[in-house]
Amino acid sequence: MSELTFNSAKPEHSVGFLLWQTTTLWQREIKSILSEHAISHAQFVILALLLWHQENEFSVSQSELVIISKMDKMTVSKALKELVLKHYVARSTAVEDTRTKVVILRAKGALVIKKLVPIIEAADDTFFASLSRHQQAGLCKLLSRLIK
């Protein structure tokens, strides 16, 4: 009798594979919506984080965006370069540490993200509609445990 290579009898019993499939389907939907607005998913996440920080009166640096978003440095850097070119954000040197780049949401970027957040939240509602609100809250708790 040969030893099995996989821990799961079927691919659909693998939590990693199911998470990958779910993420792929969800990202495909979000990408489709955002492409109509000429913005990448990474750019959307950065703009949304900047808006949240702005509304809560916090400043945020480029390195903090990497940590908060869980994106790699290069992805954040490339997305920010595009957002700067579109005049959606500005980067400036922090007064207290000249190595730190503070990222600021500009008025044009705020208009775009305030338009997109309800659209993306509606897409999330549709995507996760097969789960009850209670199940969605439970999923959020589980996912939060995994990323900590």
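This is a conversation about how the strands and helices of a predicted model are arranged.

Tutor: Residues are numbered from 1 along each chain as its sequence is written. In this predicted model, local features need pLDDT of at least 70, side-chain atom pairs count only at pLDDT 80 or more, and totals for chains, interfaces and linings use all residues, while side-chain values use heavy atoms, without hydrogens and water.

Student: What makes strand 1 and strand 3 a pair?

Tutor: Strands (E, at least two residues) and helices (H or I, at least four) are DSSP runs numbered from the N terminus, and two strands pair if DSSP finds at least two bridges between them. Strand 1 and strand 3 (residues 101-105) share 2 bridges in the antiparallel sense, so the definition is met; Val60, for instance, has Val103 as its bridge partner.

Student: Why are strand 1 and strand 2 said to stand at the edges?

Tutor: The open sheet of 3 strands has the order 1-3-2. Strand 1 (60-61) and strand 2 (89-93) each have a single partner strand, so one side of each is left without a neighbour in the sheet.

Student: What makes helix 2 a helix that packs on the sheet?

Tutor: Contact means heavy atoms within 4.5 Å, and helix 2 (residues 41-55) touches strand 1, strand 2 and strand 3. Its direction makes about 85° with that of strand 3, where angles run from 0 to 180 degrees between N-to-C directions and axes are lines fitted to C-alpha atoms, for helices over the stretch in contact.

Student: How is the packing of helix 1 and helix 5 described?

Tutor: Helix 1 (residues 15-35) and helix 5 (residues 107-127) pack at an angle of about 145°, with their axes 11 Å apart.
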